[in-house]
Amino acid sequence: MNVLRINGKETSFDENKMPGTIADLLSILGVDSATVVAELDGRIIERANFAATTLHDGQNIELVRFVPGG
Amino acid sequence: MLEGAPFAGVPFRFMDSISEKLSCMAVGIAGLGGLGSNVAIALARAGVGRLIIADFDKVEQSNLNRQQYFTDQVGKSKVDCTIENLRRINPQVEVVGHRVKLDSGNIPEIFAEADVIAECFDTVGAKQIIVETVLSKMTQPIVSVSGLAGYGKSNEILTRRVSGRLVLVGDGRSGIDTCEILTAARVGIAAMHQANAVLEILIDELTTKTQSKEEEI
């Protein structure tokens with residue numbers, strides 16, 4: 001079992017279902033990557049690198065999702 | 001009486017060390033719609049020394065339901081109108097206006113001298129770009145907003161610190177795509193959360209840093 005802390009909440013994944021990258025995680029969550037800013041262990045990950053950034057057990061990820069209006 | 005300096009002769013309790021500190025600080029305001037036009041006014045009234053404002057748009061009739069402009073300003077540049085309005089409120093504030101569309105290329109240059117940046121855009125794409133750009137290419141804190149559409153549910157609009165340099169205001173879900181309307185009241189609540197968060201960072205965090213630098217010298 002792998003665990004990711006997503007927006008402060010621990011989420012468990014079976015070994016074979018752990019998302020490999022940030023892009024994979026967003027796809028599992030059903031979130032459009034164009035609406036999100038991601039921080040992995042406190043470091044900002046640019047959207048262009050979502051597919052290249054691998055995730056590991058125990059990491060802390062903050063996903064800020066924007067909705068329109070201002 | 002009261003010519004020039006708006007607070008001259010007024011026993012204004014806020015004219016203390018805090019306003020002295022604020023008068024030396026600069027805030028970047030990205031977008032001058034419902035959020036930015038309100039944030040600019042709150043920060044000018046608080047006595048922030050310099051506001052760096054940017055927007056490419058003109059005032060439209062449909063903006064008047066929530067944005068701080070007037071009927072005789074329809075058709076004029078939002079930057080020009082904001083400068084005009086701020087001058088009437090507090091002429092001591094220096095306002096630097098940029099009539100441009102902000103993108104990841106020009107954001108670092110335009111807001112280089114800001115101590116804090118307020119993200120006041122309406123579209124998701126623009127919000128994403130500026131927050132990502134500030135966090136990855138700059139060193140300042142940014143106060144961003146997500147979820148302010150609709151009416152009522154005042155207490156669902158929150159201010160939270162996401163991480164070291166990112167503060168997020170809003171309920172996180174009420175977009176114009178799902179809520180149909182934007183109201184001056186609820187957009188205004190979010191804008192005042194945002195201005196208040198900017199002031200908190202300027203006063204509690206940045207002035208303390210400046211003080212400790214001075215002590216080192």
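**Two sheets and the contact between chains A and B**

Modeller: In this predicted model, chain A holds an open sheet of five strands in the order β2-β1-β5-β3-β4, with mixed pairing.

Colleague: What makes β2 and β4 of chain A the edge strands?

Modeller: β2 (9-13) and β4 (43-45) of chain A each pair on one side only. Neighbouring strands of this sheet are turned by 30 degrees against each other on average, direction ignored.

Colleague: How do you know that β3 (residues 36-40) of chain A pairs with β4(A)?

Modeller: Pairing requires at least two bridges. Three bridges join β3(A) to β4(A), and the two run antiparallel; therefore they count as paired. Within this pair, Glu39(A) stands opposite Ile44(A) in β4(A).

Colleague: Which helices pack on this sheet?

Modeller: Helix α1 (residues 22-29) of chain A touches β1 (2-6), β2, β3, β4 and β5 (60-65) of chain A, and its direction makes about 55 degrees with that of β5(A). Helix α5(B) packs there as well, touching β3 and β4 of chain A; its direction makes about 25 degrees with that of β3(A).

Colleague: What does the sheet of chain B look like?

Modeller: Seven strands form an open sheet of mixed pairing in the order β3-β2-β1-β4-β5-β7-β6. Its edge strands are β3 (94-98) and β6 (158-163) of chain B, and the twist averages 20 degrees from one strand to the next. Helix α5 (residues 124-137) of chain B packs on this sheet, touching β1 (26-30), β4 (116-119), β5 (142-145) and β7 of chain B.

Colleague: Why are β6(B) and β7(B) called a pair?

Modeller: The rule asks for at least two bridges. β6(B) and β7 (residues 166-170) of chain B have five, in the antiparallel sense, so the rule is met. Arg160(B) stands opposite Leu168(B) in β7(B).

Colleague: How much area do the two chains bury between them?

Modeller: Chain B and chain A bury about 1,900 Å², 63% of it on carbon and sulfur atoms. In chain B, Val124(B), Gln128(B) and Glu132(B) lose the most area to chain A, together 30% of what that side buries.

Colleague: Why is the contact of Glu46(A) with Lys137(B) called a salt bridge?

Modeller: The limit is 4 Å from a side-chain nitrogen of Lys or Arg to a carboxyl oxygen of Asp or Glu. The side chains of Glu46(A) and Lys137(B) meet at 3.9 Å, N to O, so the pair qualifies. The rule finds one salt bridge across this interface.

Colleague: Which element gives the largest share of the side of chain B that touches chain A?

Modeller: Helix α5(B) does, with eight residues. By class, that side has twelve nonpolar, ten polar and eight charged residues.

Key. Residues numbered from 1 in each chain as written. Chains lettered and ligands numbered in written order. Predicted model: local features only at pLDDT ≥ 70, side-chain atom pairs only at ≥ 80, totals over all residues. Heavy atoms only, no water. Helix = DSSP H or I, 4+ residues; strand = E, 2+ residues; numbered from the N terminus. Axes fitted to C-alpha atoms, helices over the stretch in contact; angles between N-to-C directions. Contact = heavy atoms within 4.5 Å. Buried area = accessible area lost by both parts, 1.4 Å probe. Nonpolar A, V, L, I, M, F, W, Y, C, P; charged D, E, K, R; others polar.
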